[in-house]
Amino acid sequence: MIVKMRKGARPEDIQAVEDKLHELGYQTGKLVGTEIVLIGVYGDVSQLPVGEIQEMAGVDELIRISRAYKRAAQKGDPTDRRYVHFPVGNVMIGEDLVVIAGPCSVESERQIMEAARMVKEAGGHILRGGVHKYRSSPYSGWEGVGADSEESLRRGLEWIVKAGREYDLPVAVEILDHTKIHLYEDVGVDCLQIGEPNSRNTVLLNALRETPLPVIHKRANSLDCEAYLLWTERMMTTGKENIILCERGILGPNKYTRNTMDLGTVAAFYYQLTGLPVAVDASHGTGRRDLVHPMTLAGIMAGASVILVEAHPNPLIAKSDGYQALFPEQLKNLVEAAHIVWDVRRKTDALYQPSVVFEPQYEKRVEADRKRFFG
Ligand code: PEP
Ligand code: MN
């Protein structure tokens, strides 16, 4: 909460407000501008007698700054940020770098088994693959092996779970329909993915509150980053915490790339806004196989600890998103490069300094510096 004092508020008015806040048990910090003074109030402001403060001499307004997404929000202060850790199968998320890789779609039992081997051999940690695909055109001719019936969905899920078990890889699969959550749980899927089109599907997000399975929540391509966190918060209202945010590109002016990767927001999520782990998906983010390598690495530097990569045993015959899927050799090299960048990021993170550390000492110098610089 910030108490904004009126222009021309007297020093004794400002002091009285600070004294009152201290009396109520709050700590305060003051920002003195040339015309107005702002008083920051630290602590749980839910019990603050807002009306009483508002009535005090010299007070202009009280500005609420706590975030609407309380559970998804960063819980520490800027110098002591707190992050959530949780497992997907036997893989911990939020500690070391995690690579989720696999084809866009599960296409056959053989294809997903070979894809699992490819992911394992490349050093990936989690196998991905969609069984019922969300397609923008009803005429695409391909909606996934599980699109036709509950039996086909079960069969497709069983194929990817079997492939994952064979190579000791937990599996992540997109879910479209909230009534099928139990089926994914029964078959042994380890992680659910909410695709971009369902990013703000109220019914699906509400239903996912109850599943013990971790969820990758992809950001809709036209959703403001804080509005997105509020949609994530929807799954968290009854205590769920095992959610991975995912930046997979937003709408932009470019036609060359399928989407525009919003890496500034990845940094905002990790360094400022939230304690949830952040994934980058440069496959959907760029839509071009040859840009997945550099943009995945850029995503790690921006703050991601999870990378999502589409790869196929032979992308040239993939039934969906083949143009953005890596060849097995490319996946292997990307995983190696990702670990190199992750090590760099750990080192550069140790040099990261939030401004709040320096602000008080520079505030004290404002008047003197103004005189020195501008006379
Ligand atoms: C996918 O992961 O294959 C997919 C379709 O992703 P998105 O929902 O981000 O487009
Ligand atoms: Mn895809």
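**Notebook: around strand 12 and the manganese site**

Entry 1. I began with a crossover: strand 12, helix 8 and strand 13 form a right-handed β-α-β unit. I keep in mind that this is a predicted model. On the other side of the chain order, I found that strand 11, helix 7 (residues 225–236) and strand 12 also make a right-handed β-α-β unit. So much for the layout; next, the pairing.

Entry 2. I looked up the strand neighbours. Strand 11 (residues 215–218) and strand 12 run parallel and are joined by four bridges. One pair I noted there is V215 with its bridge partner I243 in strand 12. Strand 13 (residues 278–281) is also parallel to strand 12, with three bridges between them. On that side I saw L245 standing opposite V278 of strand 13.

Entry 3. Which way do the side chains of strand 12 point? I243, L245 and E247 point one way, while I244 and C246 point the other way. That agrees nicely with the textbook picture, as side chains in a regular strand alternate between the two faces of the sheet. Is strand 12 mostly covered or mostly open? I found it mostly covered, with five of its five residues buried.

Entry 4. I then followed the chain past strand 12 and stopped at T257. This residue lies in the loop between strand 12 (243–247) and helix 8 (263–273). Buried or exposed? T257 has a relative accessibility of 14%, so I count T257 as buried, given the cut-off of under 20%. Its side chain reaches the backbone oxygen of N259 at 3.0 Å. Setting aside neighbours within four places in sequence, I listed T286 and L291 as the contacts of T257.

Entry 5. Last, the metal. Which residues coordinate the manganese ion (ligand 2)? I found C104 through SG, H284 through NE2, E310 through OE and D321 through OD, at 2.1 to 2.4 Å. Along the chain these donors follow the spacing C-x179-H-x25-E-x10-D. Within that set, H284 and E310 link distant parts of the chain: H284 sits in helix 9 (residues 282–286) and E310 in strand 14 (residues 306–310), 26 residues apart. I checked their accessibility too, and both H284 and E310 are buried.

Entry 6. A note to myself on how the entries join up. T286, a contact of T257, falls at the end of the helix 9 range, 282–286, and H284 of that helix is a manganese donor.

Terms used
Residues are numbered from 1 along each chain as its sequence is written. Chains are lettered from A and ligands numbered from 1 in the order in which they are written. This is a predicted model: local features need pLDDT of at least 70, side-chain atom pairs count only at pLDDT 80 or more; totals for chains, interfaces and linings use all residues. Side-chain values use heavy atoms; hydrogens and water are left out. Helices (H or I, at least four residues) and strands (E, at least two) are DSSP runs, numbered from the N terminus. Buried means under 20% relative accessible area, exposed over 50%, partly exposed in between (1.4 Å probe, protein chains only). A polar contact is a pair of N or O atoms within 3.5 Å; within protein, one must be able to donate a hydrogen and the other to accept it, and residues adjacent in sequence count only if both atoms are side-chain atoms. Contact means heavy atoms within 4.5 Å. Donors are N, O and S atoms within 2.8 Å of the metal (3.2 Å for Na, K and Ca); water is not among the atoms, so sites may look incomplete. Two strands pair if DSSP finds at least two bridges between them. A crossover is right-handed if, with the strands pointing away from the viewer, the path from the first strand over the helix to the second runs clockwise.
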